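Subject: Structure handover and notes

Dear colleague,

I am passing the structure below on to you, together with notes on what was found in it. Please read the notes with the structure open beside them.

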Amino acid sequence: MLWLGLAAAFALPAATAPPAAQANAKLPDSFSGWTGGPQTPLEPSTVAGAASTGILTEYGYVAGWQRAYTKGGHSVEIRLYQMKDPTDGYGLYSFLRTPEMHGTDITEHSSISATRALILQGNFVVDAAGGDFLALAPDLKLLVSALAPHVDPGAYPILWQHLPDGGMEPKSDHYVLGPQGLKQFFPLADGDWLGFSSGAEAEVARYRLNGNELTLLVVDFPTPQIATHQLEQFSQVFNLNAANLGSARPAVYARRELTMVGLVAGARSQEEADKLLGQMHSAIHVTWNEPSASFTEPGIGPIIVGIIVGTGVICLFAVIAGVAFGGVRLLVKRLLPGKVFDRDSQLQVLQLGLGSKPIQVQDFYGIAKPDPAKPPAE
């Protein structure tokens, strides 16, 4: 028992170690000729300002690490964010992305500029700074490959696909999962007025139409009923669709399609807002692409024929099974009399004593003559 206690004492610290203590399994020591220095935990307060701590929590932040890599006199600083799942990873990726970055083919969601690279890989977000990443893209692919065995391969959100393309400012779309992130990109009210506690998810983007800057917020709710209820609640926060001309509340134009609600801020009229809201399409699509089949009830004739045939098959099976069983039994008795079936030592016969001839087992089958040396049964 003593050695069990010692083993548990040594195993407990490793099992309860914080995520930062397990960092060596996440950022590689080297990749593509780049050699890593000491790895340190990432402080959330240093990410895009001190207010980002709460936003990281909304995006499902689990742990983070940072490490400097050097190669041939050049150095880069790489930060790795581990999120709860790919949905949260995509949210943080959209939050950290800046307008000067453009898309690359490193992963499905990756952006790069001359001095910075941002890569989403499952529930991991890689933020690299300090190098000429326009030339280092192949090296970053090798880094992503080293992280691949540790990532969650789940699906990413697709709400961004329902944003209109015309007039959108580059890289201005952001995926939002909480009130603090919403306050960052749609700063018209405080608190959870959008309904994140009811399962809402949102995508926000900036547009420029006819020289006017508008902000479109597309929200997806779990059910159409929740979407309808939340739209009614918005009228208590905003001057919805300019219904009250003298209201001091911010003017917001809204439209619902099934589970989705679109909100436009900054529009000068309903017509201007409709240019964006009219291009919003619901995430629910009803399709009919399954093969169809028709059922026709058979007539009385085929039913009777089927019954007769089925009964005949059952009777034929019974006859064959009976003949097989009886034939095997008789054959064994002929070949091995008294050896397998009806052995004298195990067979008892009740006699009524109505006749003078003693009853022998062999008399039932006629397979052997009585033994003269054996006395007759009483």
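How many residues lie between β1 and β2 in the hairpin that they form, and which residue in the turn has a positive phi? There are 2 residues between these strands, and Ser 32 is the one in the turn with a positive phi, of about 50°. Please keep in mind throughout that this is a predicted model.

The strands on either side of that turn, β1 (residues 30-31) and β2 (residues 34-41), run antiparallel and are joined by 2 bridges, with Phe 31 having Trp 34 in β2 as its bridge partner. On the next step across, β2 pairs with β3 (residues 61-71), again in the antiparallel sense, over 5 bridges, and here Gln 39 has Arg 67 in β3 as its bridge partner. These strands belong to an open sheet of 8 strands with antiparallel pairing, whose order is β1-β2-β3-β4-β8-β7-β6-β5. Its edges are formed by β1 and β5 (102-103), each of which pairs on one side only.

Two helices should be looked at together with this sheet. Helix α3 packs on it and touches β4, β6 (109-112), β7 (116-121) and β8 (124-129), its direction making about 165° with that of β7. Helix α4, for its part, lies across β1, β2, β3, β4, β7 and β8, and runs at about 30° to β7.

The search for cavities is quickly reported, since over the whole structure it finds 1 cavity of 30 Å³ or more. The largest cavity holds about 40 Å³ of space, and its lining consists of Phe 31, Trp 34, Val 76, Ile 78, Phe 133, Leu 136, Asp 139 and Leu 140. The elements that contribute two or more residues to this lining are β4 (74-83) and α4 (137-147). Phe 31 and Trp 34, which appear in the lining, are also the bridge partners mentioned above for the hairpin.

There is also an open sheet of 6 strands with mixed pairing, in the order β9-β10-β11-β14-β13-β12. Its edge strands are β9 (174-176) and β12 (239-240), each pairing on one side only. Within this sheet, β10 (residues 201-209) and β11 (residues 212-220) run antiparallel and are joined by 9 bridges, and Val 204 stands opposite Leu 217 in β11. Helix α3 packs on this sheet too, touching β9 and β10, with its direction at about 130° to that of β9. Helix α6 (residues 224-234) likewise packs on the sheet, where it touches β12, β13 (251-257) and β14 (260-265), and its direction makes about 165° with that of β13.

Why can α3 be called largely enclosed by the rest of the structure? Helix α3 spans residues 86-96, and 10 of its 11 residues are buried, so the rest of the structure largely encloses this helix. Among the buried residues are Pro 86, Asp 88, Tyr 90, Tyr 93 and Phe 95. At the start of α3, a side-chain oxygen of Asp 85 comes to within 3.1 Å of the backbone nitrogen of Thr 87.

One further residue deserves a look, namely Asn 212, which is placed in strand β11. Asn 212 has 15% relative accessibility and therefore counts as buried, the cut-off being under 20%. Leaving aside residues up to four places away in sequence, Asn 212 touches Tyr 207, Gly 266, Ala 267, Arg 268 and Glu 272.

With best wishes

Technical notes:
Residues numbered from 1 in each chain as written. Predicted model: local features only at pLDDT ≥ 70, side-chain atom pairs only at ≥ 80, totals over all residues. Heavy atoms only, no water. Buried < 20%, exposed > 50% of the residue type's maximum accessible area, 1.4 Å probe, protein only. Helix = DSSP H or I, 4+ residues; strand = E, 2+ residues; numbered from the N terminus. Polar contact = N/O pair within 3.5 Å; in protein donor to acceptor, adjacent residues only side chain to side chain. Pairing = 2+ DSSP bridges. Contact = heavy atoms within 4.5 Å. Axes fitted to C-alpha atoms, helices over the stretch in contact; angles between N-to-C directions. 1 Å grid on protein atoms, 1.4 Å probe; cavity = no way out; pocket = protein on both sides within 12 Å on 5 of 7 lines; lining within 4 Å. Points joined across faces, edges and corners; volume = space filled by probe spheres on them.
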